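Colleague: I would be grateful for a close look at a single part of this model, namely the ligand site. Please describe it in one connected account.

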Amino acid sequence: MKIKTENSAKKKTNLLCGFVLENSNKVLGLPKFDSNTTSTINQSLKDMEGKLGKLSIIPIPGKKPVQRILLAGIGKKENITEDTIRFVSGKIALKARELKLSEFSIIAPPSYVTESISAVSQIIEGAKMALYKFDKFKTEKIETSPNLTIIISKSNKISKAIKISEIIADGAIFTKSIANLPPNECTPTTLANFAKNMSKKNKMKCSIISEPELKKKGFGGISSVGQGSNNQPKLIILEHSLGRKNEKPIVLVGKAVTFDTGGISLKPGAAMDEMKFDKCGGCTVLGIMKSISELKLPINVVGIVPSVENMPGGESYRPGDIIKLYSGKTAEILNTDAEGRLILADALSYGEKHYSPKTIIDFATLTGACIVALGTNVAAIVSNDEKLTKKIIDSSKRTTEEVWELPLNQDYMDMIKSDVADMKNVGIGRAAGTITAAAFLRNAIEKTPWIHIDIAGVAWTQGATKEKSYNPKGATGFGVRLILDYLQNL
Ligand code: BES
Ligand code: ZN
Ligand code: ZN
């Protein structure tokens with residue numbers, strides 16, 4: 001999808017879209033048309049009432065520059081959020097594709113509805129993300145991606161905002177496109193190769209640690225979880241270094257279990273296929289790193305992605321095993337399905353030890369309990385730092401990638417104490433499953449401000465996921481827009 005701007009809405013276009021506030025009886029920014037067309041528009045306005053997400057198409061007969069007008073409801077002015085234009089823009093883009101158009105135009109809303117830079121970002125993110133389709137394995141690919149013209153007065157600021165939004169949307173789409181891959185087509189090695197290729201294109205440093213080095217270097221969590229699979233584990237490390245030489249980096253860590261069967265503590269069969277999405281945390285980190293490098297952000301960021309496949313087999317780790325993590329601490333394994341915290345703990349300790357970062361952020365589809373607690377539209381955050389938490393919540397509000405904080409105090413830390421090792425990899429029964437998992441991660445970090453984002457409910461669309469035009473079925477890329485906002489506002 002190509003994106004450009006025009007100053008005037010009177011240019012030639014297949015589809016001219018304008019936003020309509022609820023019961024306002026006018027299309028924002030629409031130029032005057034002849035009286036016949038105007039009366040049809042007015043009739044349509046009455047019928048659709050500007051209700052949020054409602055679309056109404058008006059064909060214009062004859063050989064006119066504008067072939068169709070599309071009215072797009074955005075609801076009541078007081079209910080407009082950071083997500084409204086993104087959501088409606090996604091709907092418009094899907095309509096343009098359904099009509100098999102090669103191009104469509106959207107009139108940017110006036111600033112009393114949404115401030116113009118933010119409106120442009122929302123239009124682009126909504127349209128681009130909505131048009132992404134996971135059709136890699138479909139023999140017939142019929143659907144095209146129409147180009148978009150945004151009607152807005154041109155300025156340097158607008159051109160810059162367009163570029164930035166395109167890069168951000170592309171980061172999220174990159175994340176979705178790897179996260180959607182089936183487990184037979186995406187092993188830890190595949191993921192490492194994706195990271196290598198992406199980093200080469202974007203001039204980032206990329207290193208991969210494989211077996212037997214992982215074991216030799218003390219990555220007991222990654223090695224143990226990975227030992228049950230023929231697909232060898234990998235630790236992927238990306239470095240973006242456009243900050244000052246001595247500036248401490250931000251470390252991003254993401255869980256990438258390319259398939260989580262549960263291992264010897266085998267998961268039930270129902271919906272096990274969805275565990276291909278257990279790599280979403282790692283994919284989020286790769287998408288963020290891609291965008292950071294394309295945006296040339298003047299900061300230092302390290303992306304660390306521990307990747308394994310969790311399989312049952314003769315070589316698998318078992319319940320009862322005691323393993324040694326990268327931190328030197330020991331962990332008693334009581335459930336091989338609680339594998340994410342083991343590989344993350346290694347990666348977090350490695351990140352802290354090698355980079356002395358100023359901040360560590362991790363993403364993981366870590367616990368089913370997170371879905372029980374918060375459902376499928378809100379991610380859980382757990383942190384050891386109030387300031388960092390506040391900043392992430394601010395970014396969450398701006399990007400509508402929703403988060404909710406859960407507490408982490410000593411009582412929770414005590415719940416993962418083991419009789420025979422330093423920690424056990426499960427809490428007490430099902431109590432506070434998301435927090436006890438975070439408590440395990442907390443033990444991997446000594447002193448760095450850290451925030452853990454459990455994306456189990458939000459990383460892909462599930463039964464209870466709220467329908468969003470820009471998140472078609474499958475992986476959502478959750479976290480990419482959130483963290484890019486955070487990094488841009490540092
Ligand atoms: N990958 C799962 C968590 C998960 C489950 C995410 C369903 C999204 C949807 C994780 O590895 C896991 O299995 N966690 C266990 C932990 C338990 C054994 C302590 C869980 O949540 O049941
Ligand atoms: Zn698991
Ligand atoms: Zn898992």
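**The ligand site and its metal centre**

Modeller: The largest pocket is the space taken by ligand 1. The model is a predicted one, and the distances and angles below should be read accordingly.

The surroundings of ligand 1 comprise 17 residues, the closest being Lys267, Asp278, Asp337, Glu339 and Gly368. Sorted by class, this shell holds 7 charged, 6 nonpolar and 4 polar residues.

Three polar contacts may be described individually. An oxygen atom of ligand 1 lies 2.8 Å from a polar atom in the side chain of Lys267. Asp278 also contributes through its side chain, where an N or O atom is 2.8 Å from a nitrogen atom of ligand 1. At Gly368 the backbone is involved: one of its polar atoms is 2.7 Å from an oxygen atom of ligand 1. Taken on its own, ligand 1 has 520 Å² of accessible area, of which the protein covers 78%.

Asp278 leads on to the metal ions, since its side chain also serves as a donor to the zinc ion (ligand 3). That ion is coordinated by Lys255 through NZ, by Asp260 and Asp278 through OD, and by Glu339 through OE, at 2.0 to 2.4 Å. Its 6 donor atoms form an octahedral site, with angles of 77 to 174°. Along the chain, the donors of the zinc ion (ligand 3) are spaced as K-x4-D-x17-D-x60-E.

The other ion of the pair, the zinc ion (ligand 2), lies 3.2 Å from the zinc ion (ligand 3), and Asp260 bridges the two. For the zinc ion (ligand 2), the coordinating groups are OD of Asp260, both O and OD of Asp337, and OE of Glu339, at 2.0 to 2.2 Å. This site also has 6 donor atoms, but with angles of 71 to 168° the site of the zinc ion (ligand 2) is irregular. Its donors follow the spacing D-x76-D-x1-E along the chain.

Several residues thus recur in this account. Glu339 is listed among the closest residues to ligand 1, and this residue coordinates the zinc ion (ligand 3) as well as the zinc ion (ligand 2). Asp337 is likewise among the closest residues to ligand 1 and donates to the zinc ion (ligand 2). Asp278 combines a polar contact to ligand 1 with coordination of the zinc ion (ligand 3).

Conventions. Residues are numbered from 1 along each chain as its sequence is written. Chains are lettered from A and ligands numbered from 1 in the order in which they are written. This is a predicted model: local features need pLDDT of at least 70, side-chain atom pairs count only at pLDDT 80 or more; totals for chains, interfaces and linings use all residues. Side-chain values use heavy atoms; hydrogens and water are left out. A residue is near a molecule or strand if one of its heavy atoms lies within 4 Å of it. A polar contact is a pair of N or O atoms within 3.5 Å; within protein, one must be able to donate a hydrogen and the other to accept it, and residues adjacent in sequence count only if both atoms are side-chain atoms. Accessible areas come from the Shrake-Rupley method with a 1.4 Å probe; for residues, only the protein chains shown count as cover. On a 1 Å grid over the protein atoms alone, a cavity is a set of points where a 1.4 Å probe fits but cannot get out, and a pocket is an open set with protein on both sides within 12 Å along at least five of seven lines; lining residues have an atom within 4 Å of a point. A molecule sits in a cavity or pocket if more than half of its atoms lie within 2 Å of its grid points. Ala, Val, Leu, Ile, Met, Phe, Trp, Tyr, Cys and Pro count as nonpolar, Asp, Glu, Lys and Arg as charged, and the others, Gly among them, as polar. Donors are N, O and S atoms within 2.8 Å of the metal (3.2 Å for Na, K and Ca); water is not among the atoms, so sites may look incomplete. Four donors count as tetrahedral if all angles lie between 85 and 135 degrees; four count as square planar and six as octahedral if opposite donors are over 155 degrees apart and all others between 65 and 115; anything else is irregular.
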